[in-house]
Amino acid sequence: MKLIVANWKMNPDSPREAGELAALASRLAKKLRHSKLVLCPPAIYLAPLLKYLSPRLSLGAQNCFSEVAGAHTGEISAPMLRKLGIDYVILGHSERRAGGENDEVVNKKVRLALKEGRKVIVCVGEHERDSHGQYLIELKTQIQNSLAKLGAAGWKNLIIAYEPVWAVGTGAKAADTPAGFLESALFIRRVVTSLVGRRAAFALPILYGGSVEAKNAALFTTVGQADGLLIGRASLNGDEFKKIIKLVDES
Ligand code: PGA
C-alpha cells in the first residue's frame, strides 16, 4: 500500500477552497486500489474536514507541540490530535527546522506523538548533495538524534519522509532522481538498523518528498521503490494531484 501524503503548508487561504480540495481528494480516494491518501491541511481546517475521512483517506497535522499540556500559546498538542481523530502528524519538516526546530525538539515531539498512538511522518534530508558522500553524515545525525529512544513499539507507527532540502518548495533546484532516492533510502535503512535492528528497519515505510509532479511521481514509487510520496505544491493543484494519484495507484 503506497502512502500519498499531501502537505498543504499554509494553504489554501479560505475554508471554502480547503473543502473543495478535500472533496476532490475524497472522490479520488474511493477509486484507489493500491494506495491511501493523507491530507495534511493547516490545523484550523482539520475539524471541518473530518467529514471526508474514509478507509482510503486520512487526515494529518503539519506539526504538534513538544509538551502535552501547559501554557503554550498558539500550540496544539498530540492528545488534541488523538481526541479529534487525526491519525497522522508530520514532524521535523525542513521549513520548521529552518524556523529553529532542532533534532532534540523534533525527538521530543516524535516521542509524545507516538505515545498518543499517532502515525508520525518524520522528515529528514540534507541541505546540499555533494559527490563525496558528506551529506550522508548530515542525514545520519538527523536520524540518530530525531529518532532516539523511540522504543520498539514506537517504530511500528513511524514513517520517514526523505526530503532533500534542495529539492523542496518554491526555491528548489529540482527533484531528486529515483536512483538518488533509492540510494538515500538504503542508507536510511542502514542507520535505522543500527538503532532498532534489521527487521524494523526494512519494515519502515520511507517516502520521497521534494518537487513531486505528475511527470516524476510514479518513477519514485517504481524505479525508486519509495513506499509513498510527500507532496507540497502539486497537492494544491486539483488536476495535477489527480494525475499523480492515478499514476501512483496504477504503477
Ligand atoms: P514540494 O514540497 O512538493 O512543494 O517541493 C514538499 C514538502 O515540503 O513536503
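Me: Before turning to helix α11, what does buried mean in terms of relative accessible area?
Reply: The term rests on relative accessible area, with exposed standing for values over 50% and partly exposed for those in between. The model discussed here is a predicted one. Buried means a relative accessible area under 20%.

Me: Which residues of α11 are buried?
Reply: Helix α11 runs over residues 238-250, and several of its residues fall under the 20% cut-off for burial. The buried residues of α11 are Glu 240, Phe 241, Ile 244, Ile 245, Val 248 and Asp 249.

Me: How wide is the arc that these buried residues cover around the axis of α11?
Reply: An α-helix has 3.6 residues a turn, so residues three or four places apart point the same way. The buried residues of α11 are Glu 240, Phe 241, Ile 244, Ile 245, Val 248 and Asp 249. They lie on the same side of α11, because the arc they cover around the axis is only 155 degrees.

Me: Which exposed residues does the face of α11 turned away from its buried side carry?
Reply: To count as exposed, a residue needs a relative accessible area over 50%. On the face of α11 that is turned away from the buried side, the exposed residues are Asp 239, Lys 246 and Glu 250.

Me: How far apart are the end C-alpha atoms of α11, and what span should its 13 residues have?
Reply: The expected span is 1.5 Å times one less than the number of residues. For the 13 residues of α11 this gives 18 Å, which agrees with the separation of the end C-alpha atoms, also 18 Å.

Me: Which residues are the closest to the ligand?
Reply: The ligand is surrounded by 13 residues, and by class this shell has four nonpolar, six polar and three charged residues. The closest of the surrounding residues are Lys 9, His 93, Glu 163, Gly 169 and Arg 233.

Me: What percentage of the accessible area that the ligand has on its own does the protein cover?
Reply: A polar side-chain atom of His 93 lies 2.7 Å from an oxygen atom of the ligand, while polar backbone atoms of Gly 169 and Gly 232 lie 2.8 Å and 2.9 Å, respectively, from an oxygen atom of the ligand. On its own the ligand has 280 Å² of accessible area, and the share of this that the protein covers is 100%.

Me: Which side chain does Asn 63 join in a polar contact?
Reply: Asn 63 is placed in the loop between β3 (57-61) and α3 (78-84), and its relative accessibility of 12% means that it counts as buried. The polar contact that its side chain makes has a length of 2.9 Å, and the partner is the side chain of Lys 109.

Me: Which residues of α5 are buried?
Reply: At the start of α5, a side-chain oxygen of Asn 102 comes to within 3.2 Å of the backbone nitrogen of Glu 104, and after the helix comes Gly 117, which has a positive phi near 75 degrees. The buried residues of α5 are Asp 103, Val 106, Asn 107, Lys 109, Val 110, Leu 112, Ala 113 and Leu 114.

Me: Is Glu 101 buried or exposed?
Reply: Glu 101 is found in the loop between α4 (94-98) and α5, and its C-alpha atom is separated by 9.9 Å from that of Leu 91, ten residues apart along the chain. Because its relative accessible area is 9%, Glu 101 is buried.

Me: What is the omega of the cis peptide bond that joins Asn 11 and Pro 12?
Reply: Pro 12 lies in the loop between β1 (2-7) and α1 (15-29). The cis peptide bond joining Asn 11 and Pro 12 has an omega of about -10 degrees.

Me: Near what value is the phi of Lys 149?
Reply: Lys 149 belongs to the loop between α6 (135-146) and α7 (151-155), where it is exposed with a relative accessible area of 66%. Its phi is positive although the residue is other than glycine, with a value near 55 degrees.

Methods: Residues are numbered from 1 along each chain as its sequence is written. This is a predicted model: local features need pLDDT of at least 70, side-chain atom pairs count only at pLDDT 80 or more; totals for chains, interfaces and linings use all residues. Side-chain values use heavy atoms; hydrogens and water are left out. A residue is near a molecule or strand if one of its heavy atoms lies within 4 Å of it. A polar contact is a pair of N or O atoms within 3.5 Å; within protein, one must be able to donate a hydrogen and the other to accept it, and residues adjacent in sequence count only if both atoms are side-chain atoms. Accessible areas come from the Shrake-Rupley method with a 1.4 Å probe; for residues, only the protein chains shown count as cover. Ala, Val, Leu, Ile, Met, Phe, Trp, Tyr, Cys and Pro count as nonpolar, Asp, Glu, Lys and Arg as charged, and the others, Gly among them, as polar. Helices (H or I, at least four residues) and strands (E, at least two) are DSSP runs, numbered from the N terminus. Buried means under 20% relative accessible area, exposed over 50%, partly exposed in between (1.4 Å probe, protein chains only). The arc is that of the directions from the helix axis to the C-beta atoms.
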